[in-house]
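Hello,

Here is the structure I promised to pass on. Please have a look at it first, and then read on for what turned up in it.

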Amino acid sequence: PNAQSAPSLFLLLLKFSGEVFSYDELFVVFPVCLASILSLFYFYRLLKKLFPVGIVLLLLFLFSFNTSLIYYAGELKPYSFDVFFSIVLLFYVLQLKDTFSVNCWLKTVLTGVLAILFSNAMFFAIPAFGGILFFYYLCHKERRRKIVPVILLNMIWGILLLLCLALALKTVPRGMFSFHAPFFAPIPYNGENIRWYVHLFRNVFCFPYALSVRYFPFYLFPLALACIGGWRAWQDDRWKCLFITIPLLLTYMASLLRHYPIDSGENIIYARLILFTIPFVYLLVASGMNWILLKQRLIFHVLFLYFICVNLFILLSTFHITWAIDPLYRILEKGRKEGDFIYANAGGKAAVYIFSEKQIPLHDICDLPYEESDLSVCRKTPVFQAPGKYWVLLCHAADADRFLDALRENKPLFWKSAGGTLIYFERE
């Protein structure tokens, strides 16, 4: 159950990169990094197709400096491919909507096929794009004579999706099925878990885990702009609005389904769901900003400056967190022995990644079973119950005092810096 649950071609690409070049981290991570760079290029093309230059520059800035996208661009995870294929597929589908051509049709079909094989998060986007495209051609008389290729496109995508689903059901143990996407392994929905929906927009707009709820107004504005943008997009072009909003809404609604939670809620909401939806949400924000630009240029320039300042502040705050953990990392590097368990939350792992020249590889550090509301709950999880020696590296926002209090019988040692807390304890 702890094996990598990732799309087949993604895993084969990583293996190919390792076999042909080297299994050094730099070469293995390169395909993921390349997908992130190409995402930036295609997002620019998509924005240029839909909005004026001022809006393009602002959204390109937001997209380029989103800390979540930066972080996962260097991880051996398929999340960057989710973002890449959601942008490329939307780009070609909108082209096919505007003008039918065999060349564009082939590109759209091929992109959809690769998206299914490289990205599990496309499970809802693919049927949404295909279905909306079919109804668009059906509802417009001048396009009906080209509806056969669109039907063929849907058949190709549908058959491949069913084959992948059948393969996934057949190859995993009974009761452990997880397509590693929010719609197959969502967190059980209840009143307490509604906080994930608050985190949704906070993290989409580049607000890392380390920033607390006191920054709520910073992401309340983008949320309002997304709503305004959705309304404005509906007024301008309803079909284009559907292409952007339906995959977004389907994915959000899917997390309300009741299913056995194979993966942790944080991985689903923060990683798979968040990164996949970032381009769609940004397009809605761009639509809202474009409406403001047309109505009132002064307000647009104020918001433009606001977004740039806030995102630079967040980016600098993130790097401050990671650099401030460096003294703790030196203690960990010096004090750890072979066989010691090392755990870290998001800030700690980000710091390790930035200090990549250090002696502790990133894959030696496990994700902390993180409970934001009460970190002391982590101490009771099975990963800390086995006998052994444990190191825990926390970013500064974590409630380290509660965690330490919960470990009193283990007599923990701890060190603190401006960036976080390092804890060492033994369990017999």
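Let me start with a single residue: Lys 411 is exposed, with a relative accessibility of 71% (exposed means over 50% relative accessible area, buried under 20%, and partly exposed in between, with a 1.4 Å probe and protein chains only). Lys 411 sits in the loop between helix H16 (400-406) and strand S4 (413-417). Helices (H or I, at least four residues) and strands (E, at least two) are DSSP runs, numbered from the N terminus. The phi angle of Lys 411 is near 50°, a positive value in a residue other than glycine.

Before going further, a note on where this comes from. This is a predicted model, in which local features need pLDDT of at least 70 and side-chain atom pairs count only at pLDDT 80 or more, while totals for chains, interfaces and linings use all residues. Residues are numbered from 1 along each chain as its sequence is written, and side-chain values use heavy atoms, with hydrogens and water left out.

Now the overall picture. The protein chain has 428 residues, of which 53% are buried, and its secondary structure comes to 16 helices and 5 strands. Taking contacts (heavy atoms within 4.5 Å) between residues at least 6 apart in sequence, 74% join residues at least 24 apart. The accessible surface of the chain is about 20400 Å², and carbon and sulfur atoms hold 66% of it; such areas come from the Shrake-Rupley method with a 1.4 Å probe, and for residues only the protein chains shown count as cover.

Next, the inside. The largest nonpolar core has 85 residues, and those with the most contacts inside it are Phe 43, Leu 59, Leu 90, Phe 129, Leu 283 and Met 289. Helix H5 (residues 79-98) gives the largest share of this core, 14 residues. By a nonpolar core I mean a set of buried Ala, Val, Leu, Ile, Met, Phe, Trp, Tyr and Cys residues joined through side-chain atoms within 4.5 Å. Leaving aside neighbours within four places in sequence, Met 289 is in contact with Ile 55, Leu 58, Leu 225, Phe 300, Leu 303, Phe 304 and Phe 307.

Two of those partners, Ile 55 and Leu 58, are among the buried residues of H3, along with Val 56, Leu 59, Leu 60, Phe 61, Leu 62 and Phe 63. The 12 residues of helix H3 (residues 53-64) should span 16 Å at 1.5 Å a residue, and the end C-alpha atoms are indeed 16 Å apart. The expected span is 1.5 Å times one less than the number of residues.

H5 deserves a closer look. Of its 20 residues, 18 are buried, so H5 is largely enclosed by the rest of the structure. From first C-alpha to last, H5 reaches 29 Å, close to the 28 Å expected. Phe 85 lies in this helix and is buried, at 6% relative accessibility. Not counting residues up to four places away in sequence, Phe 85 touches Thr 111, Leu 114, Ala 115, Phe 118 and Met 122. The C-alpha atoms of Phe 85 and Ala 115 are 5.6 Å apart, although 30 residues separate the two along the chain.

On to charges. The structure holds 7 salt bridges (a side-chain nitrogen of Lys or Arg within 4 Å of a carboxyl oxygen of Asp or Glu). Asp 98 pairs with Lys 49, with the closest N and O atoms 3.3 Å apart. That pair links distant parts of the chain, 49 residues apart: Asp 98 is in helix H5 and Lys 49 in helix H2 (residues 25-50). Asp 98 also forms a salt bridge with Lys 97, at 3.2 Å between the closest N and O atoms. Lys 97 is buried, with a relative accessible area of 4%, whereas Asp 98 is partly exposed at 33% and Lys 49 is partly exposed at 35%. Together with Asp 237, these three residues are linked in a network of salt bridges.

Another salt bridge joins Arg 232 and Asp 236, with the closest N and O atoms 3.6 Å apart. Both lie in helix H10 (residues 216-236), 4 residues apart, about one turn of the helix. Arg 232 is partly exposed at 23% relative accessibility, while Asp 236 is exposed at 52%.

Happy browsing!
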